[in-house]
Amino acid sequence: MLFNKDKTELLLYPADKSGKIYHIPESVKEICPDAFLSCKALKTVTGCEGLEKIGAYAFKDSTVETVPFCKGLKEIGIYAFHFSKINDVTLPEGFEKIGAYAFENAYNFSKLILPETVKEIGDYAFNSCKIEELHLPNGLESLGKYSFRGTLISSLYIPSALTEIPDYTFSNCNNLVVINVPSNIKRVGNYAFGSQMTLFADATITIAEGVEEICANAFRGKITDELTIPESVKTMSLRALSGLQLQTLNYNAANAFLYTTDGSSSLLYQTGTKTVNFGNNVKSVPRKFAERSEVEMVIFSDSIEHIGEYAFSE
C-alpha cells in the first residue's frame with residue numbers, strides 16, 4: 001500500500017494484490033483517486049473511522065463489496081464506485097456531496113440511505129442501479145440529470161429546496177406510478193419522468209400550481225385518466241405530453257408559450273385525449289394545440305377570445 005508521508009491519504013492499493021480484506025488506518029482522511037481501481041481480489045474494506053473523502057474512480061471496476069461509510073465522510077467523487085460490486089450504501093449524517101457517475105451501473109445494492117445533510121447529487125450518480133427505495137433528503141439543493149434513471153423506485157418524495165427536475169432524472173423508472181410535482185419545482189425537464197421505451201404504465205400525475213416550465217416527453221410512457229396543467233405554467237413544449245396516454249386534459253395555463261423545435265408538433269397528438277377543459281382565465285387556445293388529435297369534446301370557458309391557427313385541425 002502507498003500512503004503520503006503522514007498517512008492521511010491512501011494513494012494506492014495494488015490492483016493485483018491477493019487477500020479479500022483490508023483495514024484502512026484511522027489516520028487516513030482521504031482515499032485518493034484511482035486508489036482501489038480495478039482491484040480483482042479484495043472484497044471487504046474495514047476501518048475508515050477518520051475518512052472524510054473518497055476520491056474519483058477510487059473503487060471503479062473493483063470487486064469490493066463492503067466499505068464502511070463512517071461518520072465524518074463528507075464527499076464521494078466522480079465514478080468512485082462506477083461498475084463496482086458495492087452491496088450497501090448507507091451514508092452517514094453530515095455527508096454532503098455525491099459526484100457524477102459515482103454509483104452508475106453498480107447493480108449489487110437495492111436500498112439507498114441518504115442523510116438529511118446531502119446537498120448535491122451529481123449527473124448519472126445512480127443511473128441504472130437497482131434501487132427499490134428512495135427518500136430524497138430535505139437539504140438536497142442540486143439533483144443531476146440522469147441521476148436515478150432506470151432505477152426500480154415505486155414512490156418518490158421531492159424535497160422543498162429543489163427547484164428543478166433535470167432532464168432524464170427519473171426516466172425509465174417504470175415502477176414509479178405516483179408522480180407529484182410540488183410547487184417549488186419550476187422546471188420539469190425533458191424525459192424527467194418519461195420512458196424511453198414503448199412500455200406504458202398506469203400512473204397518477206399531479207402538477208402543482210407554481211410549476212413554470214414543462215419540457216418534451218416529460219411523462220412519456222405513462223397512462224393517466226386526467227391531468228391538469230396549472231395556470232402558473234409559462235413555457236411548455238408542444239411535445240410535453242408526447243407519449244402520455246391521457247383521457248381528459250384540464251388546461252389552465254392562461255399565459256403559456258407553447259414552443260416546438262421541429263415545426264410539426266401538436267400538444268395532444270397521439271395522446272388519445274378525448275376531452276379538453278379550458279380554465280376560466282384562458283383567453284387564447286394556442287396554435288396547433290390539438291392538431292391531428294383524437295379530441296371529441298372541448299369545453300370552453302367564457303373568457304376564450306381567440307383560437308389559434310390549426311388548433312383543432314385534422
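1. Let's start with Phe289, keeping in mind that this is a predicted model. Leaving aside residues up to four places away in sequence, Phe289 touches Leu249, Tyr251, Leu258, Ser266, Leu267, Leu268, Val276, Phe278, Tyr310 and Ala311. Phe289 is also, along with Phe170 and Phe193, one of the residues with the most contacts inside the largest nonpolar core.

2. That core has 92 residues. The elements giving it two or more residues are β3 (21-24), β14 (178-181), β17 (204-207), β19 (222-229), β21 (245-251) and β23 (275-278). Of these, β21 supplies the largest share, 3 residues. As background, nonpolar side chains in soluble globular proteins tend to be buried together.

3. Now Ala240, which sits in the loop between β20 (235-237) and β21. Buried or exposed, would you say, for Ala240? It is buried, with a relative accessible area of 1%. Outside the four-place sequence window, Ala240 touches Ile214, Cys215, Ala216, Asn217, Ala218, Phe219 and Leu267. Leu267 is on the contact list of Phe289 too. If you want a long-range pair to look at, Ala240 and Glu93 are 147 residues apart along the chain, and their C-alpha atoms are separated by 38 Å.

4. Another loop residue to click on is Asn174, between β13 (164-165) and β14. Its relative accessibility is 19%, and Asn174 counts as buried because the cut-off is under 20%. Again skipping residues up to four places away in sequence, the contacts of Asn174 are Ser195, Met197, Leu199, Ala201 and Lys222.

5. On to the cysteines. How many disulfides does a search of the whole structure find? The count is 0. Cys32 is in no disulfide, and the nearest cysteine sulfur, that of Cys48, is 13 Å away. Cys39 tells a similar story: its closest cysteine sulfur is also in Cys48, at 13 Å, so the two are too far apart for a bond. As for accessibility, Cys32 is buried at 8% relative accessible area, and Cys39 counts as buried at 1%.

6. Last, the largest pocket, which holds about 170 Å³ of space. Its lining comes to 16 residues, and those nearest the centre are Arg239, Ser242, Gly243, Tyr269 and Gln270. By type, the lining divides into 5 nonpolar, 8 polar and 3 charged residues.

Notes
Residues numbered from 1 in each chain as written. Predicted model: local features only at pLDDT ≥ 70, side-chain atom pairs only at ≥ 80, totals over all residues. Heavy atoms only, no water. 1 Å grid on protein atoms, 1.4 Å probe; cavity = no way out; pocket = protein on both sides within 12 Å on 5 of 7 lines; lining within 4 Å. Points joined across faces, edges and corners; volume = space filled by probe spheres on them. Nonpolar A, V, L, I, M, F, W, Y, C, P; charged D, E, K, R; others polar. Disulfide = S-S within 2.5 Å. Buried < 20%, exposed > 50% of the residue type's maximum accessible area, 1.4 Å probe, protein only. Core = buried A, V, L, I, M, F, W, Y, C linked by side-chain atoms within 4.5 Å. Helix = DSSP H or I, 4+ residues; strand = E, 2+ residues; numbered from the N terminus. Contact = heavy atoms within 4.5 Å.
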